[in-house]
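Hi everyone, thanks for making time. I'd like to walk you through a structure that may be new to you, so let's get it up on the screen.

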Amino acid sequence: MDRPDLELVLAVRRHGSLVTAARALRLAPSVVTKRLAALETRLGSRLFQRTTRRVSPTADGETLCERAEELLRGFAAAETELRERQAEPSGPIRLAATFGFGRQWLGPALADFQSLYPRVSVQVQLTEQLPDLVVDGLDGAIWLWTAPPQRAGEWVSRKLAANQRVLVASPSYLRRRGVPVSLEDLSAHDCLVVRENGGGPDQRFDHWRLRRDGEAHWVHVPVRGPLSSNSGELVRDWCLAGHGVMLRSLWDVAPQLESGALQRVLPDCAMPDADVHWIAPYRAQVPRRIRLLVDFLAERFKGEPWRHPPVKQKEKRVSAPAAPPGSRRKR
């Protein structure tokens, strides 16, 4: 059985008439009749019941038609993929991302991706509230959580990079208030709270959900402090200025930790549920440009580049050019 046979049985089922199916296939009715009879003989099964008014599939015919649809979709997908491989990727990609990660890490990555594929255009909507990707016409989102439970059956998710939220404070704050040595000590400290949305309807801002390295259970730590904001950047500025302890993603504070402007507090404790994910509505056929982007981002972030900030080279002092022999330098 080949592709024309599959197209024939589907045309007969769709139109309910051999004559109309022949017209749709641009064949003579007698050719359709002969081919259908030959197919039934070869399979040893009657595929359609014929009456003077209607041709309808039998149980075997309906089963064959369902499989034919699957196979033809596979043929079409293979042809599309081969055409895409031969052509340069093109077209728009519309994304959503959180403000902080979008600016610091995603933006440069997208610029590099677009340079590789000049005919692809990328539009990014930065937001702290995960939008309805379908309603807003978005191809996907780079997010710090997986797809919400109510969307788990409709959206797909792929982890792009591991990420932790860690406790940090400035050296000046720790000298003034002391270094916490246990989670219970946090209750006596000024804790800077980031009130960003996106973590789910049950998200608590007055509790930090932490876990020690190597332990399976979580600890909910009540926190309080005089300063909080929905802007992670503002809270980070407060932390750098010595106003308290902050819980923040490692990708956001790695440069400050590297420079010593911030220090880890309780370094064996972290919130390890803020991994970077690609989430998108389910599609039977994902355009090649989107597949290329997701693979590119997975490769870009798999090594958690924020854990390995680039080493700054020492600036070389430029000396004044030597005076030509015999010349005298003016004083």
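Okay, let's start from the outside. The protein exposes about 19400 Å², and carbon and sulfur atoms supply 51% of that area. Keep in mind that what you're looking at is a predicted model. There are 331 residues, and 38% of them count as buried. As for secondary structure, we've got 9 helices and 15 strands. And if you take the contacts with a separation of 6 or more, 73% of them are between residues 24 or more positions apart.

Now, the sheet I'd like you to find. In what order do its 5 strands run? Going across, you read β4, β3, β5, β15, β6; the sheet is open, and the pairing is mixed. The edge strands are β4, residues 120-126, and β6, and each of those pairs on one side only. On average, neighbouring strands in this sheet are turned by 25° against each other, ignoring direction.

Let's zoom in on one end of that order. Strand β3, residues 91-97, pairs with β4 in the parallel sense, over 7 bridges. If you want a spot to click on, try Ala97: its bridge partner in β4 is Leu126.

Next, the helices on this sheet. Helix α5, residues 99-116, lies across β3, β4, β5 (140-143) and β15 (276-281), and runs at about 175° to β4. Then there's α9, which also packs on the sheet: it touches β3, β4, β5, β6 and β15, and its direction makes about 35° with that of β6.

That brings me to the inside. In soluble globular proteins, nonpolar side chains tend to be buried together. Here, the largest nonpolar core has 46 residues, and those with the most contacts inside it are Phe101, Ile142, Leu160, Val276, Trp278, Leu297 and Trp306. Which helix gives the most to this core? That's α9, residues 288-301, with 7 residues.

Take Ile142 as an example. Leaving aside residues up to four places away in sequence, Ile142 touches a whole list of residues, including Leu95, Phe101, Leu106, Leu160, Val276, Trp278 and Leu297. Thr98 and His277 are also among its contacts.

Last topic: charges. How many salt bridges does a search of the whole structure find? It finds 18. One of the pairs is Arg158 with Asp295, where the closest N and O atoms are 2.8 Å apart. Arg158 sits in strand β6 (residues 155-161) and Asp295 in helix α9, so this pair ties together parts that are 137 residues apart in sequence. Are those two partners buried or exposed? Somewhere in between: Arg158 is partly exposed, with a relative accessible area of 35%, and Asp295 is partly exposed too, at 43%.

Now compare that with Asp252. Its side chain meets Arg236 in a salt bridge, 2.5 Å from N to O. That one links helix α8 (residues 250-259), which holds Asp252, to helix α7 (residues 232-240), which holds Arg236, with the two positions 16 residues apart. Both of these partners are buried. Asp252 also meets the side chain of Arg248 in a salt bridge, at 2.6 Å from N to O, and Arg248 is buried as well.

And one more to look up on your own screens: Asp5, Arg35 and Arg42 are linked in a network of salt bridges. That's my tour, thanks!

How values were computed:
Residues are numbered from 1 along each chain as its sequence is written. This is a predicted model: local features need pLDDT of at least 70, side-chain atom pairs count only at pLDDT 80 or more; totals for chains, interfaces and linings use all residues. Side-chain values use heavy atoms; hydrogens and water are left out. A nonpolar core is a set of buried Ala, Val, Leu, Ile, Met, Phe, Trp, Tyr and Cys residues joined through side-chain atoms within 4.5 Å. Buried means under 20% relative accessible area, exposed over 50%, partly exposed in between (1.4 Å probe, protein chains only). Helices (H or I, at least four residues) and strands (E, at least two) are DSSP runs, numbered from the N terminus. Contact means heavy atoms within 4.5 Å. A salt bridge is a side-chain nitrogen of Lys or Arg within 4 Å of a carboxyl oxygen of Asp or Glu. Accessible areas come from the Shrake-Rupley method with a 1.4 Å probe; for residues, only the protein chains shown count as cover. Two strands pair if DSSP finds at least two bridges between them. Axes are lines fitted to C-alpha atoms, for helices over the stretch in contact, and angles run from 0 to 180 degrees between N-to-C directions.
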